[in-house]
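Subject: A structure for you to look at

Hello,

I am passing a structure on to you, with some notes to read beside it. Please open it first and have a look around before you read on.

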There are 2 protein chains.
Amino acid sequence: MSVVLDRTDRAILKELQEDGSISNLDLSKKIGLSPSACLSRTKNLVETGVIQKFAAIVDEKKAGLEVLAFVLVNLSPLNRDTLRSFLSEVQKYPQVQECYTLTGSHDYLLKIVAKDIESYKNFIIDSLMQNTTISSVETSMVMGIEKRTVNVPIDA
Amino acid sequence: MSVVLDRTDRAILKELQEDGSISNLDLSKKIGLSPSACLSRTKNLVETGVIQKFAAIVDEKKAGLEVLAFVLVNLSPLNRDTLRSFLSEVQKYPQVQECYTLTGSHDYLLKIVAKDIESYKNFIIDSLMQNTTISSVETSMVMGIEKRTVNVPIDA
DNA sequence: CTTGAAAGAGACACGTC
DNA sequence: GACGTGTCTCTTTCAAG
């Protein structure tokens, strides 16, 4: 599953996580490699899937999404069918940005964005909780984003 | 704070969130716009900060990071000084990918990545909890990632 | 892995409608 | 805004050391 990365690969990853639109020429200069070698390494990182893709990182607030919330969800009954139907719901809604299975007393953690409180409430009640298998929903609103990185700590 | 986006802007954002390395020429074809108009819109989205940046999205597991965890933290005492020193710690460690202030009974939610359980434990004890203002740490390990999108739901 | 070179494509600024 | 043109830079691929 995991891919062996040497010092140079890690330098490339670090740089491309910070600036994915850097040209191959500038990148090669920054990490001290020839452009052709740099390009072949970058392509290899994409082919092996270490780099999943390149993407524009959008500022939610500037795009008009004021609400960010974490929601702990329990299903009842919790079985293969309710689980599968819940997850297919989750996949459908773009408001659900992330969904994790956790250890502990809750079945799922969701990260949800919405235009405002109103549309958040509507989404939870009219869309998500229409899924009758949900037994409890525990919302924590995000009041402040203190840190947000897409970067993976390559060194650690 | 928020920026007015018309239908075309939203189409551009949607596309660039899915593929940030698409050429301006291909992008303009996809959304039905002339290349120059498309380019000026994209640049405008970057200048207004709607697009924060372009970045390579890295697969944590392939980069050798097996552990993903959410941690609820309380500070004690909670005041301006402890808060500030805690947040400066959080900024320092690349293991902390995200940090939010939440409503509810906990002061902060952290998203943390690590190479394995061992290094996760070491990070919490040796690095994070060295910060003596932390009164409680509640870890939830991620067992499965059911959904993960960098995309912001532009339509909602 | 590096260097060098050649060809193709896209970015970008211009003027025009 | 859209469109067209031109220039300039980067990418990409090839070779050879």
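Below is what was found, starting with how to read the numbering and then going from the protein chains to the DNA.

Residues are numbered from 1 along each chain as its sequence is written, while chains are lettered from A and ligands numbered from 1 in the order in which they are written. This is a predicted model, in which local features need pLDDT of at least 70, side-chain atom pairs count only at pLDDT 80 or more, and totals for chains, interfaces and linings use all residues; side-chain values use heavy atoms, with hydrogens and water left out.

**Where the two protein chains meet**

Let us begin with chains A and B. Counting contact as heavy atoms within 4.5 Å, 65 residues of chain A touch 65 residues of chain B. Together the two chains bury about 6,000 Å², and 58% of that is on carbon and sulfur atoms. (Buried area is the accessible area, taken with a 1.4 Å probe, that two parts lose on being put together, summed over both.) A:K62, A:E146 and A:K147 provide 13% of the area that chain A buries against chain B, more than any other three residues.

What holds charged partners in view here? The rule finds two salt bridges across the interface of chain A and chain B, a salt bridge being a side-chain nitrogen of Lys or Arg within 4 Å of a carboxyl oxygen of Asp or Glu. A:E98 forms a salt bridge with B:K111, with the closest N and O atoms 3.6 Å apart.There are also 48 residue pairs in polar contact across this interface, both residues of each pair at pLDDT 80 or more. (A polar contact is a pair of N or O atoms within 3.5 Å; within protein, one must be able to donate a hydrogen and the other to accept it, and residues adjacent in sequence count only if both atoms are side-chain atoms.)

Which element gives the most to the side of chain A that touches chain B? That is β5(A), with nine residues. Helices (H or I, at least four residues) and strands (E, at least two) are DSSP runs, numbered from the N terminus. By class, this side of chain A has 35 nonpolar, 17 polar and 13 charged residues. Here Ala, Val, Leu, Ile, Met, Phe, Trp, Tyr, Cys and Pro count as nonpolar, Asp, Glu, Lys and Arg as charged, and the others, Gly among them, as polar.

Strands pair across the chains too: β3(A) and β5 (residues 134-148) of chain B run antiparallel, joined by five bridges. Two strands pair if DSSP finds at least two bridges between them. A:Y100 stands opposite B:I145 in β5(B).

**The DNA**

A residue is near a strand if one of its heavy atoms lies within 4 Å of it. Around DNA strand D you will find residues of both chains, including A:N24, A:K43, B:S36 and B:R41. Sugar and phosphate make up 81% of the atoms of this strand that come within 4 Å of the protein. A backbone N or O atom of A:N24 lies 2.3 Å from a phosphate oxygen of strand D, and a side-chain N or O atom of A:K43 is 3.5 Å from a phosphate oxygen of that strand. B:S36 has a side-chain N or O atom 3.3 Å from a base nitrogen of strand D. The largest share of the surface near strand D, three residues, comes from α3(B).

For DNA strand C, the surrounding residues include A:S34, A:R41 and B:L25. Of its atoms within 4 Å of the protein, 76% belong to sugar or phosphate and the rest to bases. A phosphate oxygen of strand C is 2.9 Å from a side-chain N or O atom of A:S34, and a polar side-chain atom of A:R41 lies 2.8 Å from a phosphate oxygen of this strand. Here the largest share of the nearby surface, three residues, comes from α3(A).

**Two more places to visit**

Over all chains, the structure holds 16 salt bridges. One of them joins A:E15 and A:K30, whose closest N and O atoms are 3.2 Å apart. The pair links helix α1 of chain A, which holds A:E15, with helix α2 of chain A, which holds A:K30, 15 residues away.

Finally, most peptide bonds are trans. The bond from A:S76 to A:P77 is cis, with omega near -5°, and A:P77 lies in the loop between β2 and α4 of chain A. In chain B, a cis peptide bond joins B:S76 and B:P77, with omega about -5°.

Enjoy exploring!

Best wishes
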